[in-house]
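Q: Please take a close look at one part of this structure, the sheet, and show what surrounds it.

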Amino acid sequence: MPHYIPEDYVPHLSLRDTEIAIKKVKDFFEIAEKSNNIICFGAGSLFKQALFFLKANKLVDKLSFCIDNSEAKQNTNITIDDKIIPIYSIESSIKNFTPN
């Protein structure tokens, strides 16, 4: 499946660094497509950027939960479309995650 990565997504990097960043994103999507579960570390602004790519590449259904160091975010949820994504601490994610 071709992956959607906007050409102007990393405009402040050198051409070489941009190519490296795009390759890493493409590598991630190749792995994610083969996986049953995606777990995001961090539920802040970078997660919102990652969510753009997850939605564009139809991977939101594989998103199992997020882990965040912020106690204010832990034990809450993010709703993405109709899917509820829990946010855990590192410790509780270890207790709650059972790989499929």
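A: The sheet comes below, followed by its surroundings.

This is a predicted model, in which local features need pLDDT of at least 70 and side-chain atom pairs count only at pLDDT 80 or more, while totals for chains, interfaces and linings use all residues. Residues are numbered from 1 along each chain as its sequence is written, and side-chain values use heavy atoms, with hydrogens and water left out.

Start with the strand order. The open sheet has four strands, arranged E1-E2-E4-E3, with mixed pairing. Strand E1 (38–41) and strand E3 (76–80) sit at the edges with a single partner strand each, so one side of each has no neighbour in the sheet. From one strand to the next, the twist averages 25°. Helices (H or I, at least four residues) and strands (E, at least two) are DSSP runs, numbered from the N terminus. Two strands count as paired if DSSP finds at least two bridges between them. Strands of a sheet pair through backbone hydrogen bonds, either parallel or antiparallel.

Now the pairings. E1 and E2 are parallel and share four bridges. Cys40 stands opposite Cys66 in E2. Phe41 stands opposite Ile67 in E2. On to E4: strand E2 (residues 63–67) and strand E4 (residues 83–88) also run parallel, joined by two bridges. Ile67 has Tyr88 as its bridge partner in E4.

Next, burial. Buried means under 20% relative accessible area, exposed means over 50%, and partly exposed lies in between (1.4 Å probe, protein chains only). In a regular strand the side chains alternate between the two faces of the sheet. E1 shows this alternation: Ile38 and Cys40 point to one face and are buried, while Ile39 and Phe41 point to the other and are not. E2 is mostly covered, with four of its five residues buried.

The two cysteines deserve a check. A disulfide is a pair of cysteine sulfur atoms within 2.5 Å. By this rule the count is zero. Cys40 is in no disulfide, and its nearest cysteine sulfur, in Cys66, is 4.9 Å away. That distance is too far for a bond. Cys40 is buried at 13% relative accessibility. Cys66 is buried at 0%.

Helix H2 comes next. H2 (residues 45–56) lies across E1, E2 and E3, and runs at about 40° to E3. Axes here are lines fitted to C-alpha atoms, for helices over the stretch in contact, and angles run from 0 to 180 degrees between N-to-C directions. Contact means heavy atoms within 4.5 Å. Leaving aside residues up to four places away in sequence, Phe47 touches Cys40, Gly42, Leu63, Cys66, Ile78 and Ile80.

Those contacts lead into the core. A nonpolar core is a set of buried Ala, Val, Leu, Ile, Met, Phe, Trp, Tyr and Cys residues joined through side-chain atoms within 4.5 Å. The largest one has 17 residues, of which Phe47, Leu54, Leu63, Cys66, Ile78 and Ile80 touch the most other members. H1, E1, H2, E2, E3 and E4 each supply at least two residues. H2 gives the most, with four. In soluble globular proteins, nonpolar side chains tend to be buried together.

Then the charged pairs. A salt bridge is a side-chain nitrogen of Lys or Arg within 4 Å of a carboxyl oxygen of Asp or Glu. The count comes to two. In one, Lys55 meets Asp81, with the closest N and O atoms 4.0 Å apart. Lys55 is in helix H2 and Asp81 is in the loop between E3 and E4, so the pair ties together parts 26 residues apart in sequence. Lys55 is partly exposed at 42% relative accessible area, and Asp81 is exposed at 58%. In another, the side chains of Asp27 and Lys23 meet at 2.9 Å, N to O. Both lie in helix H1 (residues 15–34), four residues apart, about one turn of the helix. Asp27 is partly exposed at 29%, as is Lys23 at 49%.

One loop residue completes the view. Lys73 sits in the loop between E2 and E3. Lys73 is partly exposed, at 30% relative accessibility. Not counting residues up to four places away in sequence, Lys73 touches Ala43, Gly44, Asp68 and Ile87. The C-alpha atoms of Lys73 and Pro86 are 9.5 Å apart, with their positions 13 residues apart along the chain.
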